[in-house]
Amino acid sequence: MKKTETKFILDIIHAGFAGEPKKTELAALSLARSLKKDYPEISTSIFNAVSQFSLTGNSTIRGLGNSPLPVDNESQLDMVLFSAPNLEQNCLPVLNKEIFEHISNFLEERSKLDVLFKMNVIPTTSLLLIGPPGTGKTMLAKHIASALDKNLIVLDLSSIISSMMGKTGANIKKVIQYAKQNACVLLFDEFDSIAKKREDNNDLGEIKRVVNILLMELEDWPTSSLFIATSNHPELLDKAIWRRFDEVITLPLPEYNQRLEILENGLDEFLVSSETSSAILKPIAKIFEGKNASDISKYTNRVKRRNLLKDEKPIISLFKEIPNIENDKKFRGEFCVIAKDILGDKLTVRELAEITGLSPTGVQHHLTRSKYEQ
């Protein structure tokens, strides 16, 4: 056996006893590459072993594993929130085609780590999700964790931030070390709150210490775990932090097709159980331009709650819960035309006037104009 191979074996042993999965992984991969020519079967077995560990890791579900969640030494409160993988609960948010393909490619990459390892290609281990509030960043992070069949560990900002000098940084380091040693997905939501630019002269040095710790700890990340951060204000992030992420994905406000899909997903059973067609959602999707996915989802929940409590026609619930609609006469006219087309004689001109706030004459004008244009 070559001296280099002996060294790699010793590195694996030392890193394993020290609980350093990244060093263990690197030494194992180096050994596999060194053995590839003379001992191809052993080399392949090592590649597969590293890949398998990176895919499955060691279970850290409380009660089933040996590694308790990290706690703050002073308060004894958990510093992270834990959830097991659940694809049914953590579904994929509605994304545009480009981002959907990006996420699909990433998940495919993570399922073929052995291919990457054999070709000495470093896989993605960190993602930064940026975009306006309510665009599905946290939802996407939860879905990724479930799709990878890994436990999700979410940093609890309320329990790690301390007024004591240096305590916040120490807590963050403790959480990161836990995530490195226990195969999981670590999520830092609202990352800009702890990874701010170090140019801020208003802090007392604590932010600088936290950022420095993040820069050091995020540099060597094991493939058995994944680090995800989200930010509504990426312009606040320290410049050096950006280099610690393998991928940066921007989630924009939903376009018309995404808005319509969110409405259809949220109101599908509601519309099926009524006489109202999903066609009525098309003008509503237009009226929600500039709104985020969260706002649209809240609208669908308000519609269903209102309809159950007030026992009114679904078409009324749909209209009455649209925010700030009283000043948009064009939309109200379009709504009348589609509602009348769907319900016909079951919906009178007078009822449409009461629903939309237009005069009966105004409603009739829109209906007549629509027939003329056809």
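Me: Which strand pairs with β2 over five bridges, and is the pairing parallel or antiparallel?
Reply: That's β5, residues 226-231, and the two run in the parallel sense. Keep in mind that this is a predicted model.

Me: OK, and what does L128 sit across from in β5?
Reply: Its bridge partner there is A229.

Me: What about β6, how many bridges link β2 to that strand?
Reply: Four, again counted for a parallel pairing, with β6 covering residues 247-250. As one example, I130 stands opposite T250.

Me: Quick basics check: what holds strands together in a sheet?
Reply: Strands of a sheet pair through backbone hydrogen bonds, and they can do that either parallel or antiparallel.

Me: Is β2 mostly covered or mostly open?
Reply: Mostly covered: five of its five residues, 126-130, are buried. That goes for both faces, with S126, L128 and I130 on one side and L127 and L129 on the other.

Me: Zooming out, what's the strand order in the sheet?
Reply: It's an open sheet of six strands, ordered β1-β3-β4-β5-β2-β6, and the pairing is mixed.

Me: Which strands are at the edges?
Reply: β1 (80-83) and β6. Each has a single partner strand, so one side of each has no neighbour in the sheet.

Me: And how much are neighbouring strands turned against each other?
Reply: By 20° on average, ignoring direction.

Me: So who's the partner of β1, and in which sense do they pair?
Reply: β3, residues 152-155, in the antiparallel sense over four bridges. In that pair, V80 stands opposite L155.

Me: Switching to helices. Which strands does α6 lie across?
Reply: β2, β3, β4 (185-188) and β5, and α6 runs at about 170° to β5.

Me: How do α4 and α6 cross?
Reply: The axes of α4 (97-111) and α6 (137-147) come within 11 Å and cross at roughly 30°. That makes the two helices roughly parallel. The crossing is right-handed.

Me: Which residues make that contact?
Reply: From α4 it's I103, F106 and L107, and from α6 it's L140, I144 and A147. By class, that's six nonpolar residues, with no polar and no charged ones.

Me: What about α1 and α2, at what angle do they pack?
Reply: About 160°, with the axes of α1 (3-18) and α2 (21-35) 8 Å apart. They are therefore roughly antiparallel to each other. α1 passes α2 in a left-handed crossing.

Me: And who's touching whom there?
Reply: On the α1 side the contact includes F8, I9, I12 and A15, and on the α2 side it includes A27, A28, L31 and L35. The full set of contact residues divides into eight nonpolar, five polar and three charged.

Me: Last topic: what sign does phi usually have?
Reply: Most residues other than glycine have a negative phi.

Me: What's phi at N120, then?
Reply: It's positive, about 60°, although N120 is not a glycine. N120 lies in the loop between α5 (113-118) and β2.

Me: Is N120 buried or exposed?
Reply: Exposed, with a relative accessible area of 51%.

Me: And what's the phi of D149?
Reply: D149 also isn't a glycine, and its phi is positive, about 60°. You'll find D149 in the loop between α6 and β3. D149 is exposed, with a relative accessible area of 56%.

Technical notes: Residues numbered from 1 in each chain as written. Predicted model: local features only at pLDDT ≥ 70, side-chain atom pairs only at ≥ 80, totals over all residues. Heavy atoms only, no water. Buried < 20%, exposed > 50% of the residue type's maximum accessible area, 1.4 Å probe, protein only. Pairing = 2+ DSSP bridges. Axes fitted to C-alpha atoms, helices over the stretch in contact; angles between N-to-C directions. Parallel < 35°, antiparallel > 145°, perpendicular 65-115°, else oblique. Left-handed = near helix turned anticlockwise from the far one by under 90°. Contact = heavy atoms within 4.5 Å. Nonpolar A, V, L, I, M, F, W, Y, C, P; charged D, E, K, R; others polar.
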